[in-house]
Amino acid sequence: MKNFLQVFIVMLTLQSIGFTQVPVIQTIINQTNLDSLTKFVRELSGEDQTIINGTPYTIVSRRWNHAGNDMAANYIQQKLESYGLPTYNQPFGTGGGRNVYAVQVGTQYPNKKYIICAHYDDFTYSGTVVPGADDNASGTAAVIEAARIFKNYDSKYTIIYALWDEEERGLYGSDYYAQQAYNAGDSIMGVINMDMIAYDSNSDSKAEIHTRPIANSIALKDKMLETNTLYNTGLTLSTINPGATYSDHASFWNRNYGAILLIELDGDFNAYYHTANDRIQYFNMPYFLKMSKLSLGVTAALAELTDIVPVELLAFNASVNGSEVQLIWSTASELNNMGFEIERSIDNQDNFVTIGFVDGKGSSSEINYYSFTDHPQVSGVNQLYYRLKQVDFDGSFSYSDVVNVSYDVPAEFVLSQNYPNPFNPSTKINYFVPQESFVSVKVYDFLGREVMTLVNETRAVGSYEIVFDASSLPSGTYFYTLIGENYSFTKKMILIK
Ligand SMILES: [Zn+2]
């Protein structure tokens with residue numbers, strides 16, 4: 001009982017202050033993978049040879065004036081492009097400066113951007129071997145990992161995956177980007193910067209968030225704290241306010257954009273900082289994974305990642321028209337959409353039965369409209385519930401919301417106008433029988449001669465549809481007559497061959 005009560009109180013507390021776990025964010029955090037992070041770092045820091053633009057290459061340095069710097073940029077570009085994201089180079093300055101960034105356009109707010117970023121250049125006080133594993137292949141790997149995972153989701157906000165050059169020279173790359181964004185009036189909702197996220201020699205899992213009261217930087221810090229708590233990342237975070245200005249987030253503060261820095265530190269400064277020994281062998285791997293999970297988690301939460309919706313249903317509506325129920329719906333976009341099974345349940349929502357199928361458009365980025373006419377075989381007053389089962393070509397499916405109508409059976413016979421009309425060679429005739437009775441439907445030519453009997457038998461209450469095939473008849477005007485108990489009605493139709 002005690003345990004139950006505790007759980008209950010925790011849930012109540014989280015909900016009462018608006019903190020609720022989002023399953024898709026948890027999934028993304030779980031997908032953050034140490035193997036891929038490790039691979040990126042080993043390749044970026046020269047531990048492993050890699051293939052860059054088809055040629056084997058070992059990145060022994062990413063220092064701004066070393067050949068490896070540009071090769072590292074190529075490596076990053078190649079990775080981001082391999083995830084199908086449009087990727088851009090942004091050259092700047094006179095020293096061959098080159099930012100690389102990829103864009104994932106937001107589905108709801110394409111003009112509002114979150115930036116997840118790190119600098120990829122590195123530095124050493126002496127020598128030409130500059131692995132820069134912690135500073136800052138670690139942050140770079142987390143950005144690439146974000147792109148690798150996020151590409152499989154929709155994001156409501158646009159996400160920029162940015163890797164800055166020449167941070168070590170004085171934040172040159174991020175400064176250039178931020179100034180361009182500022183000049184263009186970009187709406188940057190927040191910047192998550194990672195610089196040194198893998199060193200934790202005493203395994204205390206401590207890290208620092210640097211923020212300042214600039215734009216929404218405090219709120220971004222709070223979101224990171226919330227994410228850390230909500231998803232049990234396992235880190236102990238401290239807030240530094242006013243935060244340090246020694247990394248790329250400061251370029252955004254300088255333009256009054258919200259930004260935060262996630263960094264290891266907390267009294268445990270990397271002993272190999274800016275030396276040839278800044279190598280992955282000194283990483284605390286579980287810590288590196290936790291820091292990456294937090295970075296991805298907070299970015300995913302901010303940008304509001306959602307599962308990809310292959311077919312986006314805009315509207316689904318049901319209305320009664322005489323003896324028929326008209327269903328209409330539309331889609332904003334479709335991907336591999338085979339079509340829609342129409343399902344109906346009478347007087348409850350527990351007994352859905354398939355009553356028809358409407359072909360989809362396959363893949364389409366345009367708005368498409370659909371309709372379906374139901375002729376319910378019911379008597380009296382009923383609640384009719386409808387839903388769509390959208391089926392992909394691969395067999396996967398999803399259900400729409402349920403719509404319902406109150407359906408009152410008409411008191412009298414109904415004979416609908418045939419559709420299509422004029423027609424060639426066949427057309428549909430709908431009619432409704434209000435009580436069980438003998439029914440005949442016959443077709444007559446222009447001179448009143450009977451040419452075909454379509455129905456001649458007892459019919460139960462309900463709606464019926466006849467397909468009239470006139471392929472054996474010549475062009476001309478025809479009449480169709482419904483005769484039921486105390487009822488006779490005739491309509492005209494035209495066959496044009
Ligand atoms: Zn750094």
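# Exercises on helix α3, helix α4 and aromatic pairs

**Exercise 1.** In this predicted model, find which residues of helix α3 (residues 34–44) are buried, then find which elements they pack against.

*Solution.*
- Step 1. Buried here means under 20% relative accessible area. In α3 that applies to S36, L37, T38, F40, V41, E43 and L44.
- Step 2. An α-helix has 3.6 residues a turn, so residues three or four places apart point the same way.
- Step 3. The partners of the buried α3 residues are β1 (50–52), α4 (67–82), α5 and α9 (285–303).

**Exercise 2.** Describe what caps the N-terminal end of α3 and which residue follows the helix.

*Solution.*
- Step 1. The N-terminal cap is N33, with a side-chain oxygen 2.7 Å from the backbone nitrogen of D35.
- Step 2. After α3 comes G46, with a positive phi near 75°.

**Exercise 3.** Compare the span of α4 with the expected value, list the buried residues of α4, and name the residue that follows the helix.

*Solution.*
- Step 1. The expected span is 1.5 Å times one less than the number of residues. For the 16 residues of α4 this gives 22 Å.
- Step 2. From first C-alpha to last, α4 reaches 23 Å, close to the expected value.
- Step 3. The buried residues of α4 are G68, N69, M71, A72, A73, N74, Y75, I76, Q77, K79 and L80.
- Step 4. G84 follows α4 and has a positive phi, near 80°.

**Exercise 4.** Classify the aromatic pair of F150 and Y161, and state which parts of the chain the pair ties together.

*Solution.*
- Step 1. The structure contains 23 aromatic pairs. In the pair of F150 and Y161, the centres are 6.2 Å apart and the planes meet at 55°.
- Step 2. Planes under 30 degrees apart count as stacked, over 60 as edge-to-face and the rest as tilted. The pair of F150 and Y161 is tilted.
- Step 3. Because F150 belongs to helix α5 (residues 133–150) and Y161 to strand β7 (residues 157–164), the pair ties together parts that are 11 residues apart in sequence.
- Step 4. F150 and Y161 are buried.

**Exercise 5.** Classify the pair of F252 and Y257 and name the cluster that includes these residues.

*Solution.*
- Step 1. The ring centres of F252 and Y257 are 6.4 Å apart with planes at 55°, so this pair is tilted.
- Step 2. F252 and Y257 are both buried.
- Step 3. Ring pairs join F252 and Y257 with Y88, Y101, W164 and Y177 in a cluster.

**Exercise 6.** Over which rings do the charged ends of R387 and K389 sit?

*Solution.*
- Step 1. The charged end of R387 is over the ring of F352, 4.1 Å from the ring centre.
- Step 2. For K389 the ring is that of F397, with the charged end 4.2 Å from its centre.

How values were computed:
Residues are numbered from 1 along each chain as its sequence is written. This is a predicted model: local features need pLDDT of at least 70, side-chain atom pairs count only at pLDDT 80 or more; totals for chains, interfaces and linings use all residues. Side-chain values use heavy atoms; hydrogens and water are left out. Rings of Phe, Tyr and Trp (its six-membered ring) pair if their centres lie within 6.5 Å; planes under 30 degrees apart count as stacked, over 60 as edge-to-face and the rest as tilted. Helices (H or I, at least four residues) and strands (E, at least two) are DSSP runs, numbered from the N terminus. Buried means under 20% relative accessible area, exposed over 50%, partly exposed in between (1.4 Å probe, protein chains only). A charge sits over a ring if NZ of Lys or CZ of Arg is within 6 Å of the ring centre and within 35 degrees of the ring normal. Contact means heavy atoms within 4.5 Å. A polar contact is a pair of N or O atoms within 3.5 Å; within protein, one must be able to donate a hydrogen and the other to accept it, and residues adjacent in sequence count only if both atoms are side-chain atoms.
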